[in-house]
Amino acid sequence: TNHLGHFALTAHLYALLQQTDGSRIVNVSSIAHRHGNVDFDNLRSEKSYNRMAAYGRSKLCNLLFTFELCRRIEAAGDRVVSVAAHPGYASTQLMQGPAQGRGQFAKFFVDQVCKFMNFAMAQTAAAGALPLLRAATAGDVKPGEYYGPGGWMEMRGAPVRVQSTDASHDPHVAKNLWTVSEDLAGVKFLS
């Protein structure tokens, strides 16, 4: 749903976005996309599931969708802007819970590591929202751009334009993902 939700919502709102001057679609991705791969035989993790692999895959799919959407918007001659952003490493509750279902010691240990990582490396949740806000509101944003924190490894810092992986720009994978997403979400647009 992390990708399909973005896809379905955009599909349902697209006609309205076409009619609205200055409309912009901002898909939220993650630096975890760097570790993602698109496995069309297990896209929804029905055959096997690994929490971090599924998250990385979904965030890669968000970027593939963003860039394919840009290509399709341009081909249609529409003026809707499609961009993406990621929050870096923001101190949120996302990292809590990876030890659920394990013993008390494992849960305690993982919780302590997460607390330390949040303290030592993360930025505040509010600072993590800034790249998304820039992508959504800045006047100089262009279609197909990707924003994130400008600091070390894009984990924290002021929002800047950043680069995504080559895999996120693969037009063949993106086109296949679009077709599969239309089938799975039960919606079609810009086809």
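Helices α2 and α5 sit roughly perpendicular to each other, because their axes cross at roughly 95° and anything from 65 to 115 degrees counts as roughly perpendicular. Keep in mind as you look around that this is a predicted model.

**Two helices crossing α5**

Let's stay with that first pair. The axes of α2 (51-76) and α5 (171-185) come within 9 Å of each other. On the α2 side, the residues in contact are Cys61, Leu64, Phe65, Glu68, Leu69, Arg71 and Arg72. They meet Pro171, Val173, Ala174, Lys175, Leu177 and Trp178 in α5. Sort the residues of this contact by class and you get nine nonpolar, no polar and four charged.

Helix α5 has another partner to look at: α1, which covers residues 4-18. How do α1 and α5 stand to each other, parallel or perpendicular? Their axes cross at roughly 80°, so these two helices are roughly perpendicular. The axes of α1 and α5 come within 10 Å. Here Leu4, Phe7 and Ala8 in α1 touch Trp178, Ser181, Glu182, Leu184 and Ala185 in α5. By class, the residues of this contact are six nonpolar, one polar and one charged. Trp178 is worth finding on your screen, since Trp178 is listed in the contact with α1 and also in the contact with α2.

**A small hole between the helices**

Now look for empty space. A search of the whole structure turns up one cavity of 30 Å³ or more, and its volume is about 30 Å³. Which residues line this cavity? The lining is made of His3, Phe7, Leu64, Phe65, Ala174, Leu177, Trp178 and Ser181. Some of these names should ring a bell: Phe7, Trp178 and Ser181 also take part in the contact of α1 with α5, while Leu64, Phe65, Ala174 and Leu177 also belong to the contact of α2 with α5. The elements that give two or more residues to the lining are α2 and α5, and α5 gives the most, with four residues. Six of the lining residues are nonpolar, two are polar and none is charged.

**The sheet**

Next, the strands. Four of them form an open sheet in the order β1-β2-β3-β4, and the pairing is mixed. What does "mixed" look like here? The table goes through the neighbouring pairs.

| Strand pair | Direction | Bridges |
|---|---|---|
| β1 and β2 | parallel | five bridges |
| β2 and β3 | parallel | two bridges |
| β3 and β4 | antiparallel | three bridges |

You can follow single residues across the sheet too. Asn27 stands opposite Ala84 in β2, and Ala84 in turn stands opposite Tyr146 in β3. One step further along, the bridge partner of Tyr147 is Arg161 in β4.

What about the ends of the sheet? β1 (24-28) and β4 (159-161) are at the edges and each has a single partner strand, so one side of each is left without a neighbour in the sheet. From one strand to the next, the twist averages 30°.

**Where the helices meet the sheet**

Finally, back to α2, which ties the two parts of this tour together. Helix α2 lies across β1, β2 and β3 (146-149), and runs at about 160° to β2, the strand made of residues 81-85. So, in one picture, α2 lies across three strands of the sheet, meets α5 and helps line the cavity.

Conventions:
Residues are numbered from 1 along each chain as its sequence is written. This is a predicted model: local features need pLDDT of at least 70, side-chain atom pairs count only at pLDDT 80 or more; totals for chains, interfaces and linings use all residues. Side-chain values use heavy atoms; hydrogens and water are left out. On a 1 Å grid over the protein atoms alone, a cavity is a set of points where a 1.4 Å probe fits but cannot get out, and a pocket is an open set with protein on both sides within 12 Å along at least five of seven lines; lining residues have an atom within 4 Å of a point. Grid points are joined across faces, edges and corners, and a volume is the space filled by probe spheres set on the points. Ala, Val, Leu, Ile, Met, Phe, Trp, Tyr, Cys and Pro count as nonpolar, Asp, Glu, Lys and Arg as charged, and the others, Gly among them, as polar. Two strands pair if DSSP finds at least two bridges between them. Axes are lines fitted to C-alpha atoms, for helices over the stretch in contact, and angles run from 0 to 180 degrees between N-to-C directions. Contact means heavy atoms within 4.5 Å. Angles under 35 degrees count as roughly parallel, over 145 as roughly antiparallel, 65 to 115 as roughly perpendicular and the rest as oblique.
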